[in-house]
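Let's take a stroll through a protein model and stop at a few spots along the way. Have the sequence and the 3D view open as you read.

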Amino acid sequence: MEKLFIFDTTLRDGEQVPGCQLNTIEKIEIAKALEELGVDVIEAGFPVSSPGDFNSVVEISKAVTWPTICALTRAVEKDIEIAAEALKHAKKKRIHTGIGTSDFHIKYKFNSTQDEIIKRAVDATTYAKKFVEDVEFYAEDAGRTDNEYLAKVVQAVVNAGATVVNIPDTTGYCLPTEYAEKIKYLIDHVDMKNAILSTHCHQDLGMATANSLMGVINGARQVEVTINGIGERAGNTSLEEVVMAIKSHKELNIETNINTQKIYPLSKMVSNLMNMPIQPNKAIVGRNAFAHSSGIHQDGVLKNLSTYEIIDPKEVGINDNSIVLTARSGRHALKSRLDLLGIKVNADKLSEIYEKFLVLADNKKDINNDDLLILAGKEVGKSNRIKLDYLQVNSGIGIKCVAVVTLDISGEKFTATSFGNGPVDAAIKAVREIVKKQINIQEFLIQAINKGSDDFGKVHMQVEYKGINYYGFSANTDIVVASVESFIDAMNKFPV
């Protein structure tokens with residue numbers, strides 16, 4: 001098996017998303033999680049760009065043990081000097097320097113010539129080698145650079161001591177076949193000595209992962225990626241997509257150092273810290289990535305996971321797949337959910353419930369467990385051991401937010417008061433005071449059903465309790481009430 005190096009740039013290229021900047025403490029938290037994930041290189045920042053970026057590279061260098069810490073620069077001596085200073089505490093350090101090589105960059109950005117760009121590339125690489133042994137060179141906009149000229153640039157910087165040469169599709173322009181041909185051309189026409197080629201692809205046309213994989217198949221041995229594919233404009237190549245594609249296709253004879261079971265928890269961490277929700281249909285880590293609503297698919301998955309799943313959800317840190325009940329679901333999926341709710345029915349009763357279920361599913365978007373209990377002739381109230389009996393919240397500018405909550409637990413009432421950062425936080429903290437359980441909120445989604453300030457708000461919540469995920473739902477014109485009821489709905493699904 002050949003080794004593919006994973007270069008993560010979540011903290012540099014990924015953090016360039018407007019409105020999603022991280023502070024140094026948050027960057028250190030992500031860097032440590034990336035180390036646990038098993039990435040080989042962490043691009044920690046662009047030190048010359050701001051004091052904050054400089055400090056982040058310094059502190060990440062101190063906090064992380066075995067991955068290489070990389071700092072970005074332009075082909076400018078001052079950039080390189082500052083990067084070297086920021087990296088002084090790193091156990092393994094890399095300077096990532098470079099310059100644009102396409103005609104667009106040479107003519108319009110630098111007002112220069114091809115020969116002058118090669119000279120500047122060599123000078124920057126040579127200067128960086130005075131500070132660190134490991135120097136990566138990037139040929140910005142390599143995706144739109146003529147292959148013959150690009151080969152000259154790559155050969156020149158390899159001769160100057162570059163250990164890695166990055167071939168970015170900076171604008172996300174290349175087709176997978178074009179990018180594959182580019183990498184193969186460089187492998188065939190450049191004496192790489194002991195250096196390797198790296199991919200760095202963008203998602204402008206939706207082909208970042210495909211281009212990166214084609215680069216790897218044709219000889220690149222490093223991929224530059226971000227968690228959840230975040231990054232400037234449409235984003236970067238997604239770490240989880242490349243890693244799981246490589247793992248799924250063993251015929252490629254390529255392996256990574258990634259502990260894939262850490263992928264989903266880190267995906268959620270990055271999403272939460274950067275306030276960037278993950279689209280539900282996002283490959284590998286989206287809420288619907290392992291959800292099945294088609295009756296044919298549900299039937300197959302319930303019989304054998306491999307019928308419609310090429311990845312076991314547990315491989316990426318997700319506890320299980322999800323069978324979503326809709327009008328397209330079949331009897332098999334309905335019976336499976338009823339079994340989980342402890343409702344045993346014979347074939348005739350199942351047919352009767354199924355007919356009612358189809359009518360309801362045609363008229364209701366979300367079919368929840370309470371709906372099924374009603375269809376099966378059960379009393380919903382009996383299934384809810386914990387009920388919200390009373391809620392009062394005081395909040396506003398200039399006062400501390402406080403909530404008073406009373407819960408009815410199996411007929412006995414308990415009250416608690418708690419302060420919080422907002423009305424929802426205060427109310428949920430009060431609930432925690434009463435139940436005294438270690439419950440972690442993994443996902444908290446608020447949606448308006450229609451429009452207007454008097455609209456119903458839907459709250460979906462995913463919580464983790466004793467290593468298992470549970471889902472809660474509620475809808476109310478009062479979003480605080482809906483949030484607390486959603487939290488309680490999830491708790492009612494805990495084993496007693």
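Below we look at a helix, a pocket and two single residues.

First, some ground rules. This is a predicted model, where local features need pLDDT of at least 70 and side-chain atom pairs count only at pLDDT 80 or more, while totals for chains, interfaces and linings use all residues. Residues are numbered from 1 along each chain as its sequence is written, and side-chain values use heavy atoms, with hydrogens and water left out.

**A covered helix**

Helices and strands here are DSSP runs numbered from the N terminus (H or I, at least four residues, for helices; E, at least two, for strands). Start with helix α9, residues 239-248, which is mostly covered, with seven of its ten residues buried. Buried means under 20% relative accessible area, exposed means over 50%, and partly exposed lies in between (1.4 Å probe, protein chains only). The buried ones are Leu239, Glu240, Val242, Val243, Met244, Ala245 and Ile246. What do they pack against? Their partners are β2 (5-8), α1 (24-37), α8 (208-217), β9 (222-225), β10 (254-255) and α10 (263-273).

**A pocket**

Next, the second largest pocket, with a volume of about 570 Å³. Of its 21 lining residues, the closest to the centre are Asn272, Gln442, Glu443, Phe444 and Leu445. Elements giving two or more residues to this lining are α10, α16 (423-435) and β16 (440-448). The largest share, six residues, comes from β16. A pocket is an open set of points on a 1 Å grid over the protein atoms alone, where a 1.4 Å probe fits, with protein on both sides within 12 Å along at least five of seven lines; lining residues have an atom within 4 Å of a point. The volume is the space filled by probe spheres set on the points, which are joined across faces, edges and corners.

**Two buried residues**

Here are both side by side; contact means heavy atoms within 4.5 Å.

| Residue | Place | Relative accessibility | Contacts beyond four places in sequence |
|---|---|---|---|
| Asp134 | strand β6 (134-140) | 19% | Thr68, Lys93, Arg94, Ile95, Thr163 |
| Gly286 | loop between α10 and β11 (291-292) | 4% | Ile278, Gln279, Pro280 |

Why does Asp134 count as buried? Because its relative accessibility is 19%. The side chains of Asp134 and Arg94 are joined by a polar contact of 2.9 Å. That term means a pair of N or O atoms within 3.5 Å; within protein, one must be able to donate a hydrogen and the other to accept it, and residues adjacent in sequence count only if both atoms are side-chain atoms. As for Gly286, Lys268 is 18 residues away from Gly286 in sequence and 9.9 Å away in space, C-alpha to C-alpha.
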